[in-house]
Amino acid sequence: MFREMRRKKQQIPDNEAIAILENGKVGILAVNGDNGYPYTVPLNYMFYNGKIYFHGASEGHKFDSIKNNPKVSFCVISQDKIIPEKYTTAYESVVVFGNAKIMDDKEEIKKVIYDFAKKFHPTDTEENRMFNINSDIKTMAMVEITPEHITGKEGLELYKKRIK
């Protein structure tokens, strides 16, 4: 159903692709936008229990697009060091294809946003964290992406270092 990677030797092992998703903070979401145009947007995310989560206002381009077509793509770049003298980049990236759903269970959303808050502000006090969650949850929408296909790739320079 999904294409094989053209440069298979540069494909990173699944566990390394998952680690990139777990450690990442910003990814690029791609949806089928208005009038057949793709729409991409960078956003903070969390990879949690095998799924990708992000939140935002409950209306707008990305949420309308997900309602119209839940199939999405998501990309995370973990490193991208340009090597000018070789006209190349030492990079690692992960691409996810999956289905997005706008969550509706408030208790489930509260649990996910709590873990999200801990990831992005681990030193916050419990009291402040809960205050912010309780005040923001009223107007927030949370999206859960269930991956169907995950691939990770490294640039040729990193691949050469790996096989040495």
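**A walk through the sheet and its helices**

Strand 4 and strand 7 pair in the antiparallel sense, and 6 bridges join them. At one of the places where these two strands meet, H55 stands opposite M142 in strand 7. The model is a predicted one, and this pair of strands is a convenient place to enter it.

Strand 4 covers residues 51–57 and is also joined to strand 3, by 3 bridges. These two strands run antiparallel as well. Here Y48 stands opposite K51 in strand 4. The hairpin of strand 3 and strand 4 has 2 residues between the strands, and in this hairpin N49 takes a positive phi near 50°.

These strands belong to a wider arrangement. An open sheet is formed by 7 strands, in the order 2-1-5-6-7-4-3, with antiparallel pairing. Its edge strands are strand 2, residues 38–44, and strand 3, residues 46–48; each of them pairs on one side only. Neighbouring strands of the sheet are turned against each other by 35° on average, direction ignored.

The other end of the order can be followed from strand 2 inward. Strand 1 and strand 2 pair in the antiparallel sense over 7 bridges. Within this pairing, V26 stands opposite N44 in strand 2. The hairpin of strand 1 and strand 2 has 5 residues between the strands, and N35 takes a positive phi near 55° there.

Strand 1 also pairs with strand 5, in the antiparallel sense and over 3 bridges. A30 has S73 as its bridge partner in strand 5. The side chains along strand 1, residues 26–32, alternate between two faces. G27, L29 and V31 point to one face and are buried, while V26, I28, A30 and N32 point to the other face and are not buried.

Next in the order comes the pairing of strand 5 with strand 6. Strand 5 spans residues 71–83 and strand 6 spans residues 88–102, and they pair in the antiparallel sense over 12 bridges. F74 is one of the residues involved, standing opposite V96 in strand 6.

Strand 7, where this account began, runs from residue 140 to 154 and contains E148. Is E148 buried, partly exposed or exposed? E148 has a relative accessible area of 41%, so it counts as partly exposed. Leaving aside neighbours within four places in sequence, E148 is in contact with M1, F2, F97, G98 and N99. E148 and F131 are 17 residues apart in sequence, and their C-alpha atoms are 35 Å apart in space.

The helices come next. Helix 3 is made of residues 106–120 and helix 4 of residues 126–136; they pack at an angle of about 130°, with their axes 10 Å apart. This angle makes helix 3 oblique to helix 4. The crossing of the two helices is right-handed. Which residues of helix 3 and helix 4 make the contact? Helix 3 contributes K110, I113, Y114, A117 and K118, and helix 4 contributes E126, R129, M130, I133 and N134. By type, the residues of this contact divide into 5 nonpolar, 1 polar and 4 charged.

D115 is also found in helix 3. Its relative accessible area is 17%, so D115 counts as buried, the cut-off being under 20%. Not counting residues up to four places away in sequence, D115 touches M46 and Y48. M46 and Y48 fall in the range of strand 3, residues 46–48, which is one of the edge strands of the sheet. Y48 has already appeared above, opposite K51 in strand 4.

With these parts in view, the chain can be described as a whole. The protein chain has 5 helices and 7 strands. From the N terminus on, its elements run α-β-β-β-β-α-β-β-α-α-β-α. Along its principal axes, the C-alpha trace spans about 50 × 45 × 25 Å. Of the 164 residues in the chain, 37% are buried. Among contacts between residues at least 6 apart in sequence, 69% join residues at least 24 apart.

How values were computed: Residues are numbered from 1 along each chain as its sequence is written. This is a predicted model: local features need pLDDT of at least 70, side-chain atom pairs count only at pLDDT 80 or more; totals for chains, interfaces and linings use all residues. Side-chain values use heavy atoms; hydrogens and water are left out. Two strands pair if DSSP finds at least two bridges between them. Helices (H or I, at least four residues) and strands (E, at least two) are DSSP runs, numbered from the N terminus. Axes are lines fitted to C-alpha atoms, for helices over the stretch in contact, and angles run from 0 to 180 degrees between N-to-C directions. Angles under 35 degrees count as roughly parallel, over 145 as roughly antiparallel, 65 to 115 as roughly perpendicular and the rest as oblique. A crossing is left-handed if the near helix is turned anticlockwise from the far one by less than a right angle, and right-handed if clockwise. Contact means heavy atoms within 4.5 Å. Ala, Val, Leu, Ile, Met, Phe, Trp, Tyr, Cys and Pro count as nonpolar, Asp, Glu, Lys and Arg as charged, and the others, Gly among them, as polar. Buried means under 20% relative accessible area, exposed over 50%, partly exposed in between (1.4 Å probe, protein chains only).
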